[in-house]
Amino acid sequence: MAEDSSGSATPSGVHGRISTGVPGLDEVLCGGLTQDRLYLLEGTPGTGKTTLSLQFLLDGAARGERGLYVTLSENKDELCAAAASHGWSLDGIEIYELVNEFGLDPDSEQSILHPSEIELGETVRDVIARVDDLKPARVVFDSLSELRLLAQNPLRYRRQILALKQYFARRSCTVLMLDDRTSEPGDQQLHSIAHGVISLEQAPREFGSERRRLRIVKMRGIKFRGGYHDFALDTGGLTVFPRLVAAEHHATFDPTAASTGSAELDLLLGGGLVPGTNTLLIGPSGVGKTTTALGCMLAALERGEAATYFLFDEGLATLLARSAMLNMNLSPHIEAGRLTITQIDPAELAPGEFATHVRHAVEKRRSRFVVIDSLNAYLHAMPGEEFLILQMHELLNYLNQQGVTTLLVLGQHGIIGDVQTDVDLSYLSDGILLFRFFEAKGEVRTAVSVVKSRVNAHERTIRELKLTSQGLRVGSALDDFQGVLTGLPSYRGRVALLPDDAPLGSQA
């Protein structure tokens, strides 16, 4: 009997699934690799092929499976040093240096492998003897570029690979063959021979760390998740962030509107914020978007809901200090474990990694309230605007289907007049809360209005918003506002504006 990646037994002769040992990659493969097959792992130097291969062998060792690393490109000391940099020990994994310091003698015109198994060269017969003696369940062959060089011509090279494939298939080995893409452009020989192909890529950016991603080019006989998936290569190995597919995630929830903590803001929104919807807070810098989001989140926390705040723009210490000054003390909720504030560095962020952070907040920490502050920084972490739209579409659909209340902060360029945004996300939003500065009696004040709601019959009025030491205050509907949507609003009405000393939540 053999065991699949979940640990359940499978009958002898039936090929089960085995884990790759790489977090997230088994999810992309919908369960792992089919055992006793030969796979091609391709990528340019530095993409993480060796690291992934070591994780594959270490996972087998942890399950009691023997592993063999056959190397033409690195010696044993280099491999052990690479493993040690991740905190790993290769004890229990056999490392065989296929070519020693004399094996690449330019005077030798022998090919390592001959067209048939019987005629294999002395070096490969040593490998066969090692495999027959060790009987490994997992084998890594690193790398095919050296084998291609020694094969001397494409026909012999292809026959060598076929000979290896047939040999390992008869010995119940799951094999990873590494290739650094030094073959001729468009050469698909290896793709046609291998049972499956995993392609690793890295793309440098003008600022910040390089973007790494992988793609399953082919995988015979099993379903897998297509497209590109971001991954990180750090101390501890590779971590893959599977591409988010919102249609795969549904949950039941109560879509009853909940209060924002301000009766006036609830009226403006038509009853409050509804679970399973997202609201876009849009306006120029300094107008009160973040504070409004904090006030709404604080109300959810006080109801006992768990919340996660993804902070892109502001320092965590600054946010906490500013919140405390506005009578919005977040520290007790952080200490109680109800609130998690995650500071994101957009220069180091991969879009798939961020989506994984959001999923972890919802599925592991059970967050029912999520704030993303701000989308401007998230935009700069993306390779292009079209990808931002697609990523946000999937992410927001996922959050909505999980019954999460989501607030998105989007800053606009400019203060007054022609105020513009980096990207239009209004059609993705279930509700839009618009903030604008206006002038009245020689003072700069803030107006707030709801211009869209898919779930509530919201007010069409404009109200004043004020930030004080007592928190967020929203006033009564103001009559005779003009020019709000032009970016140059002015107030000439008769309703009194909010005084500085009015108690919290009162109407002027």
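1. Asp430 counts as buried in this predicted model, at 11% relative accessibility. Its partner in a salt bridge is Arg454, and the closest N and O atoms of the two side chains are 3.0 Å apart. Asp430 belongs to the loop between β18 (405-412) and β19 (431-440), whereas Arg454 belongs to the loop between β20 (443-453) and β21 (463-468), so the pair ties together parts that are 24 residues apart in sequence. Arg454 counts as partly exposed, with a relative accessibility of 48%; the bridge therefore joins a buried acid to a partly exposed base.

2. A further salt bridge brings together the side chains of Glu459 and Arg463, at 3.0 Å from N to O. Arg463 counts as buried because its relative accessibility is 5%, which falls under the 20% limit for that class. Elsewhere, Asp59, Arg63, Glu65 and Arg138 are joined into one network by salt bridges that share partners.

3. The salt bridge between Arg130 and Glu94 has an N to O distance of 2.7 Å. This pair connects distant parts of the chain, since Arg130 sits in helix α4 (residues 122-134) and Glu94 in strand β7 (residues 93-97), with their positions 36 residues apart in sequence. Both partners are partly exposed: Arg130 has a relative accessibility of 28%, and Glu94 has a relative accessible area of 29%. A search of the whole structure finds 17 salt bridges.

4. Asp230 deserves separate comment. Which side chain of opposite charge is nearest to Asp230? It is Arg211, at 4.6 Å, and Asp230 is buried without a salt bridge. The absence of a bridge follows from the cut-off, because a salt bridge requires the nitrogen and the carboxyl oxygen to be within 4 Å. The side chain of Asp230 does reach the backbone nitrogen of Gly352, at 2.7 Å.

5. The surroundings of Asp230 may be described further. The residue lies in strand β12 (residues 228-234). Leaving aside residues up to four places away in sequence, Asp230 touches Arg211, Arg212, Arg213, Thr239, Val240, Phe241, Ala350, Pro351, Gly352 and Glu353.

6. The largest pocket has a volume of about 570 Å³. It is lined by 22 residues, of which Tyr228, Asp230, Arg243, Phe387 and Gln391 are the closest to its centre. Asp230 is thus one of the residues closest to the centre of this pocket, as well as a buried residue with no salt bridge.

7. Which elements each supply at least two residues of the lining of the largest pocket? They are β10 (196-203), β11 (211-219), β12, α12 (351-363) and α14 (385-401). Among these, α14 gives the most, with five residues.

8. Both ends of helix α3 merit a remark. At the start of α3 (residues 76-85), a side-chain oxygen of Asn75 comes to within 3.2 Å of the backbone nitrogen of Asp77. The helix is followed by Gly87, whose phi is positive, near 80°.

9. For the chain as a whole, there are 14 helices and 24 strands. Of its 508 residues, 52% count as buried. Among contacts in the chain with a separation of 6 or more, 68% are between residues 24 or more positions apart.

Note on methods. Residues numbered from 1 in each chain as written. Predicted model: local features only at pLDDT ≥ 70, side-chain atom pairs only at ≥ 80, totals over all residues. Heavy atoms only, no water. Helix = DSSP H or I, 4+ residues; strand = E, 2+ residues; numbered from the N terminus. Buried < 20%, exposed > 50% of the residue type's maximum accessible area, 1.4 Å probe, protein only. Lys, Arg positive; Asp, Glu negative; His and termini not counted. Polar contact = N/O pair within 3.5 Å; in protein donor to acceptor, adjacent residues only side chain to side chain. Contact = heavy atoms within 4.5 Å. 1 Å grid on protein atoms, 1.4 Å probe; cavity = no way out; pocket = protein on both sides within 12 Å on 5 of 7 lines; lining within 4 Å. Points joined across faces, edges and corners; volume = space filled by probe spheres on them.
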